[in-house]
Structure formats: C-alpha cells, structure tokens
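Trainee: Could you walk me through one part of this model up close? I'd like to look at the place where protein and DNA meet.

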2 protein chains.
Amino acid sequence: MAPDSTRRSAKSRRAIYDAALALVGEVGYPKTTIEGIAARAGVGKQTIYRWWSSKAEVLMEAFVDLSAQAAEAAGGAADGDAAHGDGAGGDGIPDTGDLEADLKAVLRATVDELNDPRYEAPARALAAEGVGNPAFAEEFVATLLMPSLELYVKRLRAAQDAGQVRAEVDPYIARDLFVSPLAQRWLQRTGPLDHTYADRLVEYALHGIAPR
Amino acid sequence: MAPDSTRRSAKSRRAIYDAALALVGEVGYPKTTIEGIAARAGVGKQTIYRWWSSKAEVLMEAFVDLSAQAAEAAGGAADGDAAHGDGAGGDGIPDTGDLEADLKAVLRATVDELNDPRYEAPARALAAEGVGNPAFAEEFVATLLMPSLELYVKRLRAAQDAGQVRAEVDPYIARDLFVSPLAQRWLQRTGPLDHTYADRLVEYALHGIAPR
DNA sequence: GTCCGGCGAGACGTATCGTCTTGTCGGCCT
DNA sequence: AGGCCGACAAGACGATACGTCTCGCCGGAC
C-alpha cells in the first residue's frame with residue numbers, strides 16, 4: 001500500500017517543487033492546479049497523488065525546501081523557517097545585553113523577509129489555507145512558525161533574568177505584542193511594512209504607551 | 001446591460017443569504033459552491049450570477065446582513081461590524097476616564113464575538129479569501145473592519161488629550177498592539193482566546209514589559 | 001390587457017478533480 | 001548477465017462545478 005520511498009525519484013520531486021512555486025507566483029494559489037503542476041513539471045499526476053495528499057501539502061514542502069536552500073546559501077546551519085511570523089533564523093536572536101536593539105534588529109530582518117517577493121505568493125497561500133483548514137494550520141504553525149517564534153520567548157526569558165523585563169510578565173504574550181502586528185499588517189495589507197513600524201512596535205511594547 | 005435593481009426579488013436575496021451562511025457552516029467554504037447555494041435557496045443560478053461576481057461577494061453581503069440583523073436585535077442603531085478584528089460595535093468605545101478599564105471591556109467583548117460559533121465559519125472564510133485576494137481584502141477591510149478599528153484610534157486620542165497616553169505615540173500603531181494579537185490568535189488558533197489574554201494585552205501595552 | 005424584465009429550471013461545453021490503466025525504464029538481487 | 005519489481009510519464013475515465021445560455025412563467029408598471 002505505502003509506496004517505497006527508497007525508490008523515489010529526486011528529479012521528479014525537484015521538478016514538482018519548482019513547478020508548484022512558479023505556478024503559485026504566476027497564476028495565484030486558487031488557480032494553481034495539480035494537473036497544472038504535473039504538466040509543468042513533466043510528471044504524471046499519479047506521481048503527485050502518490051506522495052502528497054493535497055496541493056497545500058505540495059506547496060508547503062516546496063516552501064520548506066526553498067527556505068532550506070536559502071538558509072544553506074546564506075551560510076550557517078539550515079533552519080527551515082523564513083518568511084512568516086518571525087524572521088529569527090535558525091541562528092537564534094542575538095543577545096548583546098541591549099534588549100531593545102536586539103529586538104529591533106530581528107524585527108527589521110523579519111520585515112525584510114516578509115517583503116521579499118520570492119516568498120510572498122507561496123507564504124500567503126499557506127497562510128490562507130491555514131485560516132480555513134485547522135488540520136493544515138496545525139502542521140503549518142508547528143513546522144514553519146513555532147521553531148522561530150520560540151526563540152523570542154527564549155530571548156525574553158534571558159531579559160527577565162537580566163532584570164530588563166519584569167519577572168511576572170508572560171513571555172509568550174509579550175512576544176505576541178511584537179510579532180502579531182507585523183503578521184497582521186502583512187496579511188491584511190493594512191499599511192506599509194517597514195523598519196519604522198518595527199521600531200515603534202518594540203518601543204511601545206517595551207515601555208508602554210502611557211506616561212512613564 | 002445592468003440589471004434593474006428596482007425589480008429585484010427580496011425573497012430570493014434572503015434565501016440566498018441564508019443558504020450561503022448555512023452551507024459555509026455545514027460543509028466549509030471551499031466546498032460551498034454557487035450551484036449548491038442556488039439549489040439550497042431554490043433559486044436559479046443566473047439569479048446569483050446576475051447580482052454577484054463571486055461566492056466571496058455573496059458571502060460577504062450575507063455576513064454584513066447577518067451582522068446588521070444582530071445589531072438591530074441588540075438594540076441601538078445598526079452598525080455593520082461584528083466578529084473580526086474589533087468588537088467595538090457602532091456604539092463607540094466607552095470613555096469613563098479609566099483608559100485601562102475601557103480597553104479591557106471592549107477587548108473582552110471582541111473576544112466573545114470572535115468565539116461566537118454563529119460567526120466563526122463565515123468570518124474565517126472571508127479572512128481566508130482576503131489573504132489571497134488583494135481586491136477583496138480591500139473591500140473587506142474597508143467595509144467590515146475599518147469603521148470599528150477607527151473607534152480605537154478615537155478613544156486613544158481622547159486619552160492623549162487627557163494625558164493618559166504620551167502625546168508622541170502614534171495611535172494607529174498603539175491600536176495594533178491591542179487588536180492584532182487577538183486577531184492573530186484567532187486566525188491561527190495558536191492558543192486560547194479568553195478574557196485573561198485580553199487583559200494582559202492591555203496591561204502590557206499600556207505600561208510596557210520593562211521595569212517601570 | 002399588454003409589455004418588460006427578473007425569476008426558476010436546467011441544458012450546454014469546458015476544466016479540474018481523483019482514480020485507474022498501460023507501457024517504459026532503471027536499480028537491485030540473484 | 002538476466003529477470004523482477006515498482007516508480008514513473010502519459011492519459012483515459014466518470015464525476016462535479018464552472019459560467020453562459022435559453023426557455024417559459026409570472027408580477028408589477030403603464
């Protein structure tokens with residue numbers, strides 16, 4: 001029943017990834033079709049249906065692969081994140097002792113990733129699929145988002161140990177304060193996503209908007 | 001060419017709204033089909049194609065109608081918001097002079113709306129459609145979200161006048177600090193969406209997470 | 001009473017779905 | 001070296017939904 005993965009064709013897999021990413025970029029996610037991917041990749045439909053259960057799965061793997069390539073090309077150890085709610089690559093978040101500067105640097109990097117046209121179409125497609133599809137959302141969040149998001153929590157806990165963040169603050173909620181507005185603005189295109197916005201978020205979240 | 005709206009059948013329109021909302025709730029947005037809506041509503045397909053350009057448009061109008069009904073039933077003047085990134089009904093945000101209490105009250109109400117199963121399926125569908133469809137997102141945000149979101153800005157400006165928020169703070173970004181994490185947690189089902197979470201967001205955003 | 005246009009119904013050709021069948025080809029085991 | 005096994009490319013298949021269209025029907029305006 002289960003196909004023999006040791007006999008799997010690496011060439012077909014590559015071609016499918018490339019075709020899926022290209023089509024999503026060119027005609028959009030809804031009009032990207034399994035038949036279309038197969039035709040473009042020069043592959044039989046069955047080869048796709050044999051290894052994946054939906055076009056969302058195909059695209060997700062293609063995107064993970066793309067991120068891995070990019071991470072490898074960029075130097076350090078691969079991570080597998082990229083381009084959605086984070087931007088803290090596998091490197092972790094720097095800890096120079098200056099929490100505000102560290103957070104600004106990472107959020108600025110995230111902004112740049114979110115604005116990278118290379119990732120835009122597939123990342124949006126995955127996000128859209130996740131909104132209406134809980135099972136897929138779970139996999140998507142766990143695989144692509146959580147690893148990087150967890151790094152923020154780690155950095156915030158270090159800041160708590162250093163006395164730069166109040167001890168009773170929940171680091172998960174604190175992290176949402178930085179990351180969610182970015183993700184939201186990106187998803188809903190509700191305004192420009194630039195370094196200034198990232199900086200303000202960090203400032204307001206760290207020191208509050210009330211008089212000090 | 002353009003159909004004569006004075007001859008439009010109110011009964012068909014109602015039936016279409018009801019069928020669309022029911023189907024989205026029962027089989028999900030992707031499997032909700034124009035043919036299905038027409039059949040369920042006891043209506044010819046052409047009647048739908050004559051007045052709407054896509055199933056997203058149908059659902060959006062149905063949702064607006066549903067919100068209007070609910071708002072009317074609830075008492076005051078209709079508004080047309082409900083159930084997404086806000087929760088500040090047409091009433092505006094209360095101004096008791098206690099900014100923190102006012103914000104918590106409104107965010108708690110928003111949480112309750114977001115958790116209302118009546119709205120969940122269609123609201124998610126609209127959000128998902130908007131992510132991958134810029135033109136629709138624009139209409140969606142402008143019609144359903146902005147009116148309520150603007151009320152936060154108004155309330156925050158009042159707080160600035162009262163000296164409870166620093167004058168140099170951008171009220172739009174400040175508002176994102178409260179609203180985006182809520183919306184994000186709802187969209188990605190990344191954790192429980194309850195009153196406690198809402199309260200923490202308000203506290204952290206107002207006073208910051210750094211030592212005071 | 002007649003006319004106009006929206007209405008319900010559903011036929012039509014096209015496209016994609018997911019499954020299934022056919023024949024080819026390359027790697028592995030003997 | 002020869003034979004076997006299973007993934008592969010190609011595409012046929014019935015099912016479904018698309019969006020357009022053509023029918024009568026019917027109700028309000030004139």
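Mentor: Take the atoms of DNA strand C within 4 Å of the protein: 58% of them are sugar or phosphate, and the rest belong to bases. Before we go on, this is a predicted model, where local features need pLDDT of at least 70, side-chain atom pairs count only at pLDDT 80 or more, and totals for chains, interfaces and linings use all residues. Residues are numbered from 1 along each chain as its sequence is written, chains are lettered from A and ligands numbered from 1 in the order in which they are written, and side-chain values use heavy atoms, with hydrogens and water left out.

Back to strand C: 20 residues surround it (near means that a heavy atom of the residue lies within 4 Å). Among the closest are A:T33, A:E35 and B:R7. A:T33 also puts a polar side-chain atom 2.3 Å from a phosphate oxygen of DNA strand C, a polar contact (a pair of N or O atoms within 3.5 Å). Next, look at A:I34, where a backbone N or O atom sits 3.1 Å from a phosphate oxygen of this strand. From chain B, a backbone N or O atom of B:G44 is 3.3 Å from a phosphate oxygen of DNA strand C.

Now for the helices (DSSP runs of H or I, at least four residues, numbered from the N terminus). α2 (34-41) and α3 of chain A, plus α3 of chain B, each bring at least two residues to the surface near DNA strand C. The largest share comes from α3(B), with 4 residues.

Definitions and conventions. Polar contact = N/O pair within 3.5 Å; in protein donor to acceptor, adjacent residues only side chain to side chain.
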